[in-house]
Amino acid sequence: MSKVINKNLMLNKKIGIVSLGCPKNTSDTEYMMGLMDKAGYEITFDTDEANICLVNTCSFIADARKESVRTIVELAELGKEIVIAGCMATHFKDELLKEIPEARAIIGTNNILEIVDILDKISSDSDIRISAVSEKPYEFSYDSLPRIFSNIGSSAYLKIAEGCNHTCSFCIIPMLRGKFRSRSLESLVNEAKQLVESGIKEIILISQDSSFYGLDLYGKMALPQLLNELNEIDGLEWIRIMYFYPSEVNVPLLKTINKLAKVVKYVDIPLQHSHNDILKAMVRPLNPEATINLIREHIEDVKIRSTFIVGFPGEKQHHYEHLLDFVNTQQFNRLGVFTYSQELEVPSGSMTDQISSKIKKQRQKEIMLCQKSISYELNNSLIGKNIKVLIENYDEAKNVYTGRSQWDAPQVDGLVYFKNNNDLSLSLGEFANVNITQVTHYDLIGNAI
Ligand code: SF4
């Protein structure tokens, strides 16, 4: 009898990990993995090897929820016991435990630090099912939490804040993640130093709204100060900021980005639409063109990434054409276009004049086609140039290295594929100087020099 119990406990000590959704979720997963590892649990990304799997879910839009549900159902069909964490766990806390018998625990976004306690309980008593979803946002300060990285090579996400104070009429995030809470400057700089000591070359600052950083904690926007301090860290090469909120872009911040050598000249700014009628209905800042002009005026050789939503309720043909024209004129270096997803809990969910899915998809396709040729032209202008690339992969069979330039964020932007015809000494996680010889619509091809 005791042997059987021990065997089960040993099996239960191995936890399969699936992390879905955005980099903020990835960062939560990494801290949960760190905590599990410290407590003696073994982590595996091969879910076949574990009988308990942690799925950190996304609930931002319908497609993301479908992916989360599909993952959970597939694991359940394989006989796994499942711990469901993240935004969908918070969003559907009651339904998930009721409808998925294999779900042993639900962990809300405010409860991720309870992961070990919950695993201890469910792995030592097969009858227990736990729902840990608290309404109250936790105090956000990951000061000295252990962390295990997933797989973005020698880059690491650093979550600088949690939650959001805006009220975009389509967005459920503030309901799921609470109000904006900054992590202290000191703890961010400390963790960044530790990351660099462990070999990290690029730190990617993430939050729902990075340009707002510090306002809640210090009474002033403190992103410039944070950038200045990070820029001083020896061994750190690139600092990337993800998600600027348009009305918070200001000259001192842009000048700081321009001035600091380690801050990549890449601005990721979701604009969501170009037409003021739609932006008003979205409860988003107006006049995006002025914001883009300001960025281009103050950061030399900047590359801009943006995202847009098509098919927002009430988006008429002329609104859509305005957006298409805007995309054409602005020539963004990187672009994502999403179809509007109707969420009943948020104000836009009950707006009249919802747009059919066929029209939404058509509009998305047209804008992406337009962007495809823009991206190709912009890439073409890099032929013959030498660019610094962070090496992330080497395919021995093809003898090709893969990496990213400072103008490409992991997982969302393009890659640089290159050969080492000059037999240079190249290592993963280090930098190469690559001469660009060819391009595709979204990627660059070259040779290390
Ligand atoms: S800025 Fe708007 S879209 Fe972004 S997380 Fe906040 S409420 Fe959502």
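Two strands pair if DSSP finds at least two bridges between them. By that criterion, strands S3 and S4 (residues 81–86) pair in the parallel sense, over six bridges. The structure is a predicted model. The mean pLDDT of the protein chain is 91. A value of 70 or more is reached by 96% of its residues. Residues 1–10 stand apart from this picture, since their pLDDT stays under 50. For this stretch the model has two contacts beyond four places in sequence.

Strand S3 covers residues 52–57. Six of its six residues are buried, so S3 is largely enclosed by the rest of the structure. In a regular strand the side chains alternate between the two faces of the sheet. In S3, Ile52, Leu54 and Asn56 point one way. Cys53, Val55 and Thr57 point the other way. Both sets are buried. S3 also has a parallel partner in strand S1 (residues 14–19), to which five bridges join it. Within this pairing, valine 18 stands opposite valine 55. In the pairing with S4, threonine 57 of S3 stands opposite glycine 86.

Strand S10 (residues 202–206) is likewise mostly covered, with five of its five residues buried. Glu202, Ile204 and Ile206 lie on one side of S10. Ile203 and Leu205 lie on the other. Both faces are covered. S10 pairs with strand S7 (residues 155–159) in the parallel sense, over five bridges. There, serine 155 is placed opposite glutamate 202. Strand S11 (residues 238–241) also runs parallel to S10, and four bridges join the two. Across that pairing, isoleucine 203 faces isoleucine 239.

Serine 27 makes a contact with S10. This serine is found in helix H2 (residues 23–38). It counts as buried, with 23 C-beta neighbours inside 10 Å. Beyond residues up to four places away in sequence, serine 27 touches Tyr157, Lys159 and Ile206. Serine 27 and isoleucine 148 are 121 residues apart in sequence. Their C-alpha atoms are 9.4 Å apart in space.

Helix H6 spans residues 115–124. Its buried residues are Ile115, Ile118, Leu119 and Ser123. These four cover an arc of only 120° around the axis, which puts them on the same side of H6. An α-helix has 3.6 residues a turn, so residues three or four places apart point the same way.

A ligand is also present in the model, and its surroundings draw on several parts of the sequence. Around the ligand are Cys164, His166, Cys168, Cys171, Ile173, Pro174, Gln208, Asp209 and Tyr245. By class, this shell has six nonpolar residues, two polar ones and one charged one.

Two residues other than glycine have a positive phi. For tyrosine 243 the value is about 80°. This tyrosine lies in the loop between S11 and helix H11 (251–259). Tyrosine 243 is buried, with 22 other C-beta atoms within 10 Å. For aspartate 301, phi is near 50°. This aspartate lies in the loop between helix H13 (288–298) and strand S13 (303–310). Aspartate 301 is exposed, with 9 other C-beta atoms within 10 Å.

Arginine 363 and glycine 384 complete the description. Arginine 363 lies in helix H15. It is buried, with 25 other C-beta atoms within 10 Å. Leaving aside residues up to four places away in sequence, arginine 363 touches Val310, Gly311 and Tyr320. Arginine 363 and tyrosine 320 are 43 residues apart along the chain, and 7.5 Å separates their C-alpha atoms. Glycine 384 lies in the loop between H15 (357–380) and strand S15 (386–395). Glycine 384 is exposed, with 9 other C-beta atoms within 10 Å. From glycine 384 to glutamine 342 the separation is 42 residues in sequence. In space, C-alpha to C-alpha, these two residues are 46 Å apart.

Key
Residues numbered from 1 in each chain as written. pLDDT = per-residue confidence, 0-100. Contact = placed C-beta atoms within 7 Å. Buried ≥ 20, exposed ≤ 12 C-beta atoms within 10 Å, placed from the backbone. Arc of directions from axis to C-beta. Near = placed C-beta within 6 Å. Nonpolar A, V, L, I, M, F, W, Y, C, P; charged D, E, K, R; others polar.
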